[in-house]
Amino acid sequence: MEDRKRTILAVIIALVLVAALLYSFGLNLFAKTPPLELADPSRTDNQPTASSDLSEGAGIPVEVTSETVQSVIASLSRYESYYRSLIVSYFWGDNESAARIVQIWEDGGWTRTKTLLSSGTTENAITGNKRVWIWYDDDSETLTDALYEGPDDGGLSDRMQYIPSYEDVLKLETAQITQADYLEYAGQPCIYVEAENQQLGYLYRYWISVVNGLLTAAEIEKGGVVVYRMESGEVISPMTGQGEAFTLPDGSVLHKAG
């Protein structure tokens with residue numbers, strides 16, 4: 001009888017140790033995507049909703065569906081200052097593809113992108129204050145003669161990152177949204193949206209982080225084949241490289257972060 005008790009006790013201790021190890025490595029086998037809550041619209045301006053309030057039930061639980069997803073996306077806000085990198089891939093023909101690696105620095109409405117093109121040339125762009133500056137580096141040589149400056153129509157920041165503007169989802173008719181959900185992607189709780197453009201024959205997929213408001217991943221499919229894919233690396237906020245990000249090749253500083 002004593003031996004049996006000792007055996008049961010040993011098993012319990014072993015289970016506790018295993019659970020502790022799993023927890024210490026961040027592995028939760030039973031984890032679910034946390035409930036999504038939006039700020040309560042009935043709260044007045046002098047009753048701001050803090051993040052701690054949401055954890056205490058001050059928000060309104062929302063089920064993400066084709067009917068509600070646009071309201072959920074409209075409630076998101078992007079980090080004001082961050083750094084991240086993207087891998088943007090294009091697919092065509094018989095298993096042919098090309099990839100671009102994009103580095104992004106964002107601060108206070110200013111965006112700097114540094115894109116390694118498949119040709120080996122680096123494309124640089126800075127957008128801010130309704131202007132854009134674009135130049136190229138080739139084999140570590142800055143092609144200053146090719147520096148372009150012009151107006152920004154408001155959409156160049158995303159286009160220079162080679163990513164779709166997920167805010168376009170807000171303009172869709174509900175019938176165009178074929179699927180919507182709240183799920184985890186690459187360790188981030190995300191809003192998932194699938195939308196179809198029947199006229200052009202494209203199917204668009206978006207994964208939008210509810211933590212930082214940024215597009216975590218995207219796909220474009222045509223005729224059942226993926227022709228575009230984008231995936232984000234880790235988002236670091238506030239951004240790094242403050243001293244160099246918004247400087248032109250001639251040394252002119254367009255914006256100082258911080």
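This passage describes the overall make-up of a predicted model and the surroundings of two of its residues, Ser66 and Ile163.

The chain contains four helices and 14 strands. Of its 258 residues, 35% are buried. Among contacts with a separation of 6 or more, 44% join residues that lie 24 or more positions apart. The accessible surface of the chain amounts to about 15800 Å², and carbon and sulfur atoms contribute 52% of this area.

Ser66 is located in the loop that connects strand 2 (60-61) with helix 3 (69-74). Its relative accessible area is 16%, so Ser66 is classed as buried, the cut-off being under 20%. When neighbours within four places in sequence are set aside, the contacts of Ser66 are with Thr174, Ile177, Thr178, Gln179 and Ala180. For one of these residues, Ile177, the backbone oxygen is found 3.5 Å from a polar atom of the Ser66 side chain.

Ile163 likewise occupies a loop, in this case between helix 4 (156-160) and strand 10 (177-185). Ile163 has a relative accessibility of 9% and therefore also counts as buried under the 20% limit. With residues up to four places away in sequence excluded, Ile163 is in contact with Arg84, Leu86, Asp158, Leu215, Tyr228 and Met230. A further pairing concerns Ala218, which is 55 residues from Ile163 along the chain; the C-alpha atoms of the two residues are 8.0 Å apart.

Conventions: Residues are numbered from 1 along each chain as its sequence is written. This is a predicted model: local features need pLDDT of at least 70, side-chain atom pairs count only at pLDDT 80 or more; totals for chains, interfaces and linings use all residues. Side-chain values use heavy atoms; hydrogens and water are left out. Helices (H or I, at least four residues) and strands (E, at least two) are DSSP runs, numbered from the N terminus. Buried means under 20% relative accessible area, exposed over 50%, partly exposed in between (1.4 Å probe, protein chains only). Contact means heavy atoms within 4.5 Å. Accessible areas come from the Shrake-Rupley method with a 1.4 Å probe; for residues, only the protein chains shown count as cover. A polar contact is a pair of N or O atoms within 3.5 Å; within protein, one must be able to donate a hydrogen and the other to accept it, and residues adjacent in sequence count only if both atoms are side-chain atoms.
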